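The report that follows describes how one protein chain is packed and how a ligand is held within it. Please keep the sequence and the model in view while reading.

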Amino acid sequence: MDYDVIVVGAGVEGSSTAYQLIKNGVRRVLLLEQFHALHTRGSSHGGSRFTRKFSTQPDAVNHMFAESAKVYQELSDKCGKKLCTPVSVVSFGRKDCPYIQRTIDAVREDSVEQPLISAREMNSRFPDQISMPDDFSCVWDNRPSTKLLAPSLIVATFQDLFVRGGGVLLDNHCVMDIVPGDRVIVRTNKGDFSSRKVVITAGAWAPKLISKLGVQLPIKVQRAEVLYFKVDCPDKFSLDKFPILVYENEVLKMDKFYAFPQYEYPGLIKVYYRTARDIEVDDRDEGGAGPESVEKVVQFIKTYLRGVATTPAIFEPCVYSLTPDILPIVDEVPGHSNLLFAAGFSGIGFKLAPAIGQVLTEMVLDRPLSFDISTLRLSRFTMKEKLTVAKL
Ligand SMILES: Cc1cc2nc3c(=O)[nH]c(=O)nc-3n(C[C@H](O)[C@H](O)[C@H](O)COP(=O)(O)OP(=O)(O)OC[C@H]3O[C@@H](n4cnc5c(N)ncnc54)[C@H](O)[C@@H]3O)c2cc1C
């Protein structure tokens, strides 16, 4: 079967791109997904993410953040769905932790209030929820542009608009091979498809798929152990009363922890951490939430939170695709101008997805690009970095 454009991978980046292609008048677009359309085995599932501006990130990222925030709001209004909601984010750690200083620099520029507050002040604002030691500092980010996003709902909305616009979504179709040429052949476990252009948005599987085209991507994959815990007083942890908490202790080289307000499941809050351990993407389900991961999160809860159970109620793991500079790669596959890809979204894929869909569509249509993506191209990495990360 022949198409104008084939998009491989229906996570948030692929679904956003497929939607933008149809919106921009491309008629025959195929979106291929190896699992079922709204599966939970990649990076884009779940009930909550957050988006905020970090002024220390490259201009391209900040422009894409602004455009994406606009699109999320427009789609929320158009579809009558709550894709984004205002939220506060509090980053905390020891006063001497470089992460705290970086966060102050990143949010100070357009903060309405002084963002730095003491641990004592934080404990008195949240006496029944938080308990921090005196030598900690907190960066309070309540800028209007800081939002909580609804990931699975966003992916479903892009896919729905894509299909209603005439696009074809085939799930349970795994792409085994991509054969370059004027008309690219995309081989799946259920048959072959062809098209003039192909966009690869395969998340943590992108390095494996693109390596078949002779290109190594500097992307490593890590698992996040996402757990939900019951709280004593759900009302005290509701979205309008409790912020998202982010904890990092670079001094002790500890993992990064996150705690979210009660949002997706009544009576439960989400607490998770990102292991600094690399995995093979196809081994992502091995081991489940082992005692070691649960113990780490429970220790975090016991140390810094109050009124939260210490036995998890739900476990929903997720994978990160990380580049050496924690920024995505958006480019043509070297040597193949009709094969485009976007991968390695690290922890900012939702923050950028609408703009990524737009820029990939412009690349497909050979139009001038709305964003200067030179800082996101593959060529920013040296051969050594490509090989180093590829070996991990
Ligand atoms: C716990 C956690 C918290 C996060 N928090 C935030 C946050 O607060 N803010 C933020 O902006 N970002 C956040 N992120 C990052 C964000 O979720 C990701 O960057 C984003 O989801 C990446 O989307 P993707 O489309 O690239 O990958 P995916 O969602 O994994 O999509 C890739 C898709 O391609 C499919 N695929 C792969 N290979 C093939 C093949 N051969 N054939 C067919 N289909 C294939 C996969 O099945 C998958 O569906 C977080 C990530 C995690 C894990």
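## Core, ligand shell and selected residues

In this predicted model, the largest nonpolar core has 33 residues, and those that touch the most other members are I6, V198, I200, L217 and F341. At least two residues of this core come from each of the strands β1 (2-8), β2 (29-32), β10 (175-179), β11 (184-188), β12 (191-200), β19 (329-333) and β20 (336-343), and helix α6 (206-211) likewise supplies at least two. The core is also shared between domains, with at least three residues drawn from domain 1 (2-68 + 150-217 + 324-391) and at least three from domain 2 (89-141 + 220-322). As background, nonpolar side chains in soluble globular proteins tend to be buried together.

The ligand is surrounded by 36 residues, of which E33, H39, S44, C318 and K351 are the closest. By class, this shell is made up of 19 nonpolar, 13 polar and 4 charged residues. The elements that each give at least two residues to the shell are α1 (12-23), β3 (49-51), β13 (220-230), β18 (318-322) and α8 (349-364). Because domain 1 (2-68 + 150-217 + 324-391) and domain 2 (89-141 + 220-322) both contribute residues to the shell, the ligand lies between them.

Polar backbone atoms of the protein also approach oxygen atoms of the ligand, and three such pairs are listed here.

| Residue with the polar backbone atom | Ligand atom | Distance |
|---|---|---|
| E13 | oxygen | 3.1 Å |
| S346 | oxygen | 3.3 Å |
| K351 | oxygen | 2.8 Å |

Taken on its own, the ligand has 1,000 Å² of accessible area, and the protein covers 96% of it.

S346 deserves a second look for its backbone geometry. Its phi is near 50°, a positive value in a residue other than glycine, and S346 sits in the loop between β20 and α8. N172 is a comparable case, since it is not a glycine and yet has a positive phi of about 55°; N172 belongs to the loop between β9 (168-170) and β10. For context, most residues other than glycine have a negative phi. Are these two residues buried or exposed, S346 and N172? With a relative accessible area of 10%, S346 falls under the 20% cut-off and is therefore buried, whereas N172, at 35%, lies between the 20% and 50% limits and so is partly exposed.

Three further residues illustrate burial within regular elements. L339 is placed in strand β20 and is buried, its relative accessible area being 0%; although 329 residues separate L339 from A10 in sequence, their C-alpha atoms are 17 Å apart in space. A106, which belongs to helix α3 (residues 98-108), also counts as buried, at 0% relative accessibility. Between A106 and N338 the C-alpha to C-alpha distance is 37 Å, and the two are 232 residues apart in sequence. Y272 is part of strand β16 (residues 268-279) and has a relative accessible area of 9%, under the 20% cut-off, so Y272 is buried as well. The C-alpha atoms of Y272 and S293 are separated by 9.3 Å, with these positions 21 residues apart along the chain.

Definitions and conventions:
Residues numbered from 1 in each chain as written. Predicted model: local features only at pLDDT ≥ 70, side-chain atom pairs only at ≥ 80, totals over all residues. Heavy atoms only, no water. Near = heavy atom within 4 Å. Polar contact = N/O pair within 3.5 Å; in protein donor to acceptor, adjacent residues only side chain to side chain. Areas by Shrake-Rupley, 256 points an atom, 1.4 Å probe, with all protein chains shown as cover. Helix = DSSP H or I, 4+ residues; strand = E, 2+ residues; numbered from the N terminus. Nonpolar A, V, L, I, M, F, W, Y, C, P; charged D, E, K, R; others polar. Domains from an automatic or database assignment. Core = buried A, V, L, I, M, F, W, Y, C linked by side-chain atoms within 4.5 Å. Buried < 20%, exposed > 50% of the residue type's maximum accessible area, 1.4 Å probe, protein only.
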